[in-house]
Amino acid sequence: MKIVKRFLFIISALLVLMLAGCSGKLSHIDINTTLTVDTTFNGSREMTADIPAAAYKYAFGGSLTALEDMINQYTPGDMYCTATENEDGGVRIQMIIDFASRNEYQKKIETICNGNTTDSAITPVINFDYSHSILKNGYTIEENFTSMDLFYWLADAISKEYPAMEGKNIQDIFQLGKTEVVFNGETMEMQDYIKISTIKSNAFDNVSVAAQLSDDQSIDARITYVVSNKVVAALGTQLKTLMDGLVPDNASMTYQNGDSSRTYTISFESATLQDYITNVNKALHTNNTVFEVSTEGDTESLSAKKSIKQYYDGSYFLDFTADETTMSYILDVSPEYTVESCSSTYGYLKDESSTYSSNTCEITMTVASADEVTTVLGFAVDIDEVDITTDIHSDTNIQRTFEFHLSSDAVNLIGSSIEDRLNTAAEQWPDQMTVNTENVLSNTNYSIVLSAESADELTKMTRAVLGESDISDDNKSNSGELTNSLFTGGTEKHKNPWNIHCTYEDTLNLSGFLKGSQIKNGIHYKLSYSKGFKAAFTENNTFEDAAADGPTLTCSTFNKVLSVKSTAEKNNLEGILIFALWIASLICIVVILLMNIEHIINLVSNKKIDISGSELFKGKHLRRLTALIVAIVCFVLMTIRLIFRIY
């Protein structure tokens with residue numbers, strides 16, 4: 001055991017001696033960098049790190065296969081990395097990033113830098129400009145990062161996979177070596193950071209593009225250029241020639257002189273998306289403008305999101321290498337939209353703000369270089385009409401139908417959301433709820449039929465359809481929420497035998513279901529009692545088109561919370577019959593008694609009652625007596641039913 005420990009100690013000492021210099025610190029591995037690009041920024045970035053033979057043998061185990069396996073496991077997807085042994089017994093690690101444009105290069109560098117989770121992590125910024133015009137002449141290539149920032153993943157991997165390097169950070173392993181730029185065949189050596197500029201500039205101070213997007217997808221545009229008086233004087237008539245050549249067909253240009261600058265404005269109206277892109281390309285002297293609009297429904301609510309992607313390249317006019325140079329993207333939409341997010345693809349978005357007025361919502365985005373900015377706007381999707389029909393067949397047989405009418409546009413955005421909600425509710429009462437979908441021309445109607453056996457059960461079903469919580473009405477009131485939907489009432493205990501009286505109160509709260517959506521043609525409510533009833537509203541109401549027609553009540557409203565109190569009466573044929581029988585039996589009793597009063601008195605006055613000898617029990621008098629008994633029995637029965645209101 002002692003021999004093994006001594007052997008390990010000797011190996012460790014040799015490793016330290018081989019890697020250590022006179023200062024006692026481990027020797028660093030140089031990172032050499034070559035960035036090769038042309039005038040379109042098409043090219044590659046090559047980075048190499050040569051590991052000496054001693055370090056390769058003792059720190060990395062001398063196994064090329066193990067090193068390659070580690071590289072394959074940890075290499076970010078946006079670079080190509082290899083390891084090859086050299087003649088000196090060491091190994092060269094080579095990383096290559098290929099790209100066809102500055103934007104592609106930016107995205108790949110961002111992805112690689114995102115792997116750095118230390119406090120030294122940076123957001124990479126790449127400035128490139130190549131111009132040969134009256135405004136700018138020359139090129140600029142600038143980066144705010146070095147190849148050390150692109151080697152963090154490798155340093156972390158080495159520290160994890162090789163015990164001899166455990167606990168080492170990137171500064172302990174690597175250092176910057178030679179850095180050079182090859183631009184269009186010309187090689188230039190850099191000092192750590194890549195930064196070179198040969199531009200001679202007469203650039204403008206600012207450029208802004210303002211687009212007003214209408215609901216029909218047409219666009220009114222305004223492109224503004226701010227030119228300093230110094231540049232105006234330097235360019236002379238060339239500036240007028242330049243600006244005149246930027247004006248698209250069916251557009252106009254104006255300019256206004258200020259104290260220190262001149263402002264040009266090119267504007268056009270009612271352009272289609274394609275015409276807008278064509279016109280802006282001409283106005284910005286470029287061909288890469290992007291303006292894309294997409295809309296999708298939100299499955300969590302009856303709303304939708306509109307995403308607007310914009311890319312404007314003002315680099316022909318602006319020198320983005322100057323810190324104070326910015327470009328503005330301005331988007332005007334209807335105030336019904338809410339700004340949910342504003343994001344940048346390439347990281348040059350410096351600031352964004354939104355302001356609302358009675359007519360517009362204006363979003364202003366400021367970028368430090370040409371960038372692709374996506375704005376997400378939220379908006380409620382309107383429903384054409386909602387029909388609610390309730391049929392009261394009896395206290396134990398009540399049917400209700402919700403019907404939602406949607407236009408074809410609304411169906412594409414929220415149709416599936418409504419259908420899913422109705423199906424979810426129907427799953428709770430599969431035998432008592434039915435969901436239907438009907439296409440009418442270009443519109444679609446979604447409906448659900450509820451069959452309840454009581455008013456309380458209808459309340460529960462209604463709340464399930466409208467997605468209301470199980471919080472009690474008292475708790476909702478205390479918390480400031482709107483009252484739950486509620487259906488109460490029924491046939492009242494009879495006050496008299498001549499009619500049947502019903503009262504119902506129906507409260508419906510659609511605000512949670514509809515949320516921000518509006519109903520274009522309103523909510524149409526219909527309540528029908530069974531045949532024979534005459535219905536009426538019991539309170540003054542503010543409903544539109546409120547009407548009563550026999551057993552049916554109808555009304556309309558645009559309010560998402562509605563409460564209908566109603567009453568209905570109809571003749572109680574059974575009660576009238578009972579009362580008639582009671583009167584008839586009473587009259588019959590009185591008449592028969594009067595017709596047989598003499599015989600009754602004689603029978604009662606005899607000391608000995610002789611039924612067989614009495615005329616009362618013979619012939620027609622016996623028939624009268626039988627009728628009297630029947631009348632008395634009927635009278636007693638009808639009296640009992642009237643007293644206990646059994647009718």
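1. A residue is called buried when its relative accessible area is under 20%. By that cut-off, helix H11, residues 455-465, is mostly covered, with nine of its 11 residues buried. The buried ones are Ala455, Glu457, Leu458, Thr459, Met461, Thr462, Arg463, Ala464 and Val465, so charged side chains such as Glu457 and Arg463 sit under the cut-off too. After H11 comes glycine 467, which has a positive phi, near 70 degrees.

2. Before going further, keep in mind that this is a predicted model. As for the overall picture, the protein has 647 residues, and buried ones make up 44% of them. Its secondary structure comes to 16 helices and 32 strands. If you look at contacts with a separation of 6 or more, 64% of them join residues 24 or more positions apart. The exposed surface is about 33,200 Å², and 50% of that is supplied by carbon and sulfur atoms.

3. Now the nonpolar interior. In soluble globular proteins, nonpolar side chains tend to be buried together. Here the largest nonpolar core holds 100 residues, and the ones with the most contacts inside it are Phe204, Tyr225, Tyr276, Tyr312, Phe317 and Met327. Helix H10, residues 408-426, gives this core its largest share, eight residues. Another core lies apart from it, this one of 57 residues, including Ile51, Met148, Tyr346 and Tyr348.

4. What does tyrosine 276 touch, leaving out residues up to four places away in sequence? The list runs to Val209, Ala211, Ile219, Ala221, Phe268, Ala271, Phe291 and Tyr312. Tyr312 also appears, like Tyr276, among the residues with the most contacts inside the largest core.

5. On to the charged pairs. Side chains of opposite charge can pair when their charged atoms come close. A search of the whole structure turns up 12 salt bridges, and three of them are worth a look. One joins lysine 107 and glutamate 110, at 3.9 Å from N to O. Both residues are in helix H4 (residues 102-113), and because they are three residues apart there, about one helical turn separates them. Lysine 107 is partly exposed, at 34% relative accessible area, whereas glutamate 110 is buried, at 14%.

6. Is glutamate 180 buried or exposed? Glutamate 180 is buried, with a relative accessible area of 17%. Its salt-bridge partner is lysine 178, and the closest N and O atoms are 3.7 Å apart. Lysine 178 itself is partly exposed, at 43%.

7. Glutamate 292 and lysine 309 also meet in a salt bridge, at 4.0 Å from N to O. Glutamate 292 belongs to strand S15 (residues 290-298) and lysine 309 to strand S16 (residues 303-312), so this pair ties together parts that are 17 residues apart in sequence. Both ends count as partly exposed: glutamate 292 has 45% relative accessibility, and lysine 309 has 28%.

8. Last, the C-terminal annotation. According to UniProt, in an unreviewed entry, the feature "transmembrane region" falls at residues 576-604 and 625-644. Over residues 625-644 the model is 95% helix and 0% strand, with 29 Å between the end C-alpha atoms. The placement of the feature comes from the record, while the helix content is computed from the predicted model.

Terms used:
Residues numbered from 1 in each chain as written. Predicted model: local features only at pLDDT ≥ 70, side-chain atom pairs only at ≥ 80, totals over all residues. Heavy atoms only, no water. Salt bridge = Lys/Arg side-chain N within 4 Å of Asp/Glu carboxyl O. Helix = DSSP H or I, 4+ residues; strand = E, 2+ residues; numbered from the N terminus. Buried < 20%, exposed > 50% of the residue type's maximum accessible area, 1.4 Å probe, protein only. Core = buried A, V, L, I, M, F, W, Y, C linked by side-chain atoms within 4.5 Å. Contact = heavy atoms within 4.5 Å. UniProt positions renumbered as here; feature names shortened; annotations may be inferred. Areas by Shrake-Rupley, 256 points an atom, 1.4 Å probe, with all protein chains shown as cover.
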